[in-house]
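Good morning, colleagues. Please bring up the sequence and the model on your screens, and we shall look at how some of the strands are arranged.

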Amino acid sequence: MAARPGMGGPAPAPPQVWGAQPPLHPRTVVCNDPDMTLPPASVPPDTCRLRLERTAIRRVRAEAFRPLGRLEQLWLPYNALGQLSALMLRGLRRLRELRLPGNRLAAFPWAALRDAPQLRLLDLQANRLSQVPPEAARFLGNLTFLDLSSNRLLRLPQELLATWARLHAGPLLPGQHTRLVLGLQDNPWECDCRLHDLVHLLEGWAPSLALIEAGLRCASPRGLAGVAFSQLEPRKCRSPELHPGVASFRSPLGSTALLRCGATGVPGPEMSWRRADGHPLNGTVRQEVSRDGTSWSLLGLPAVSHLDSGDYICQAKNFLGASETLISLVVTEPQTSTERGGSPEALWVRTGKGAEAAFFNSKLVARHVPRTPEPAVLATSPPARSLKGPMVQHFPMGASGGRSQGPTGPQETQMVRSLKVVGDTYQSVTLLWKAPLAGNSTALSVLYAVFGQHDMRREAVPPGKTRATIRGLVPKTKYVACVCEWGLVPRKEQCVIFSTNEAVDAEATQRLINVVVVSVAAVIALPLTLLVCYSGLQRRCRKCHARGAPEAAGAYVSLERLGHSEDGSEALSGRSLSEAAGLLSARSSLDAQLLGAGAGRRISEYFC
């Protein structure tokens, strides 16, 4: 341990009289022994600055600095501190700076700060802090410098942000330029809705907040890793809010029941199902997220029995809380042939109260309830392209039909046929049909409902029209629609089942397929075309060379020379046309003949 006076002051008093006379200047004590494991006990009581740095100190006991009532600066940087006592600052009423960078602190005793009411600077940089508890906000309101950089913080508590917001609202003191110097860099910030208040607080504090290092960045989730806070638009956290489909659901015995409920919240809630009586679920759960951000949970119960009747609880949960709703399932007996009013295949029934068309199978029970006001006329528009695919399905209904009121009327045998669905939006579809027997005064009606619901809406179609547009549909929802003569119950071939999302997706998919096919055809056809052109050009060049062969032969003969043998006889030396390319290295056909005639004689050859 070494003690030193202030710079420029007189020499310190001898060690045996420390504390007898107050020093003329603030005393500073520095200890940097690497073998020191505990704070020294013999520090002069008039010390104003104490620095214990780069030692092996692992913990600070309670009231270790209590005798140092004049201490204003306590620096403990780059030690091995892993534990601090909640009473370590007892007696340090004048303490203004506490620096603890480069240690191993996984937690800090925030309540100890109440013993240092004059504290203005707290440096916890480069430790292992993973969180700041909400109660810490009560002890950090007087700070003007706080360094939490290079720790393991994911977020800050809302209580601390609220404390800083109140500081922001107060007036600046004379000569004060900033209210708070803050160090938050180099932390693995998790950028979800819980970071909303911090991001907006930093944006609004520009005149009165100084960051040690600007440009804070996200570390998670993976899609936002490395993104700066200034580029974020986080949403405010909201607890789950449920949107149940129906409160009570009736399903025939042996059919498939589909219960659904939706919820909104930030972050997106986790959905779960359970039975109110505690019995295990006899079905499968499927999760979906719609375009508007609503999370939907679908519970499918195949081949329901009376044991499946009861109350089902749908729960939506996130870190802000949970919300529940109750949906009742009633399993009913299947409808008999007598109740259907005809053959076993007849699925449409008539009642004395009005036009009710009921379709029973394992998935759908629908009926039409007429409305008192005059039905509105559907919007008519030019038909879109027809779609092909499994989204348009005919009802598996019987062939009989009849009037919706009174006794059974004449059959609508061929009035409306070839019904199909076209359209290109998520909220509307267009129905097209043929009505060859309909006159100019024949009124038609369109009935439609959500697939699985009981009540069907009925709209009027002006006479002479063969198309109608249904608007205001819900995206990603299955519907059933029928077209028939006004006052009649539709037949099975006059109804279709469609989904509001599949129509658009199918048309977009078809366009994509067309683009891909054209691109592939262009890539394949272009090289083939160039190859054919090259082959034709090559054959034409060969023909041109063939036509010039006689001329080449004549030119070759003109270059023939006489060869002289050893005995003085002359011989004709020539070249054949086929060896025209090697005139300087090959024998001519005439030379070969002369060689055959005068074998054994040596010939001197001359080459062009």
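In this predicted model, three strands make up an open sheet, running in the order β24-β25-β28, and their pairing is antiparallel. Which strands lie at the edges? They are β24, residues 417-422, and β28, residues 467-470, each of which pairs on one side only. From one strand to the next, the twist averages 20 degrees.

Allow me to turn to one pairing within this sheet. Strand β25 covers residues 429-434 and pairs with β28 in the antiparallel sense. How many bridges join β25 and β28? There are four. To locate this register on your screens, please find L432, which stands opposite R467 in β28.

As a general reminder, the strands of a sheet pair through backbone hydrogen bonds, in either a parallel or an antiparallel manner.

I now come to a further sheet. Four strands form it, in the order β14-β16-β19-β18; this sheet is open, and its pairing is antiparallel. Its edge strands are β14, spanning residues 238-244, and β18, spanning residues 284-289; each pairs on one side only. On average, neighbouring strands here are turned by 20 degrees against each other, with direction ignored.

Again, one pairing deserves our attention. The edge strand β14 is joined to strand β16, residues 257-266, over five bridges in the antiparallel sense. Which residue of β16 stands opposite E241? That residue is T264.

To close, we have seen two open sheets with antiparallel pairing, one in the order β24-β25-β28 and one in the order β14-β16-β19-β18. Thank you for your attention.

Conventions. Residues numbered from 1 in each chain as written. Predicted model: local features only at pLDDT ≥ 70, side-chain atom pairs only at ≥ 80, totals over all residues. Heavy atoms only, no water. Pairing = 2+ DSSP bridges. Axes fitted to C-alpha atoms, helices over the stretch in contact; angles between N-to-C directions.
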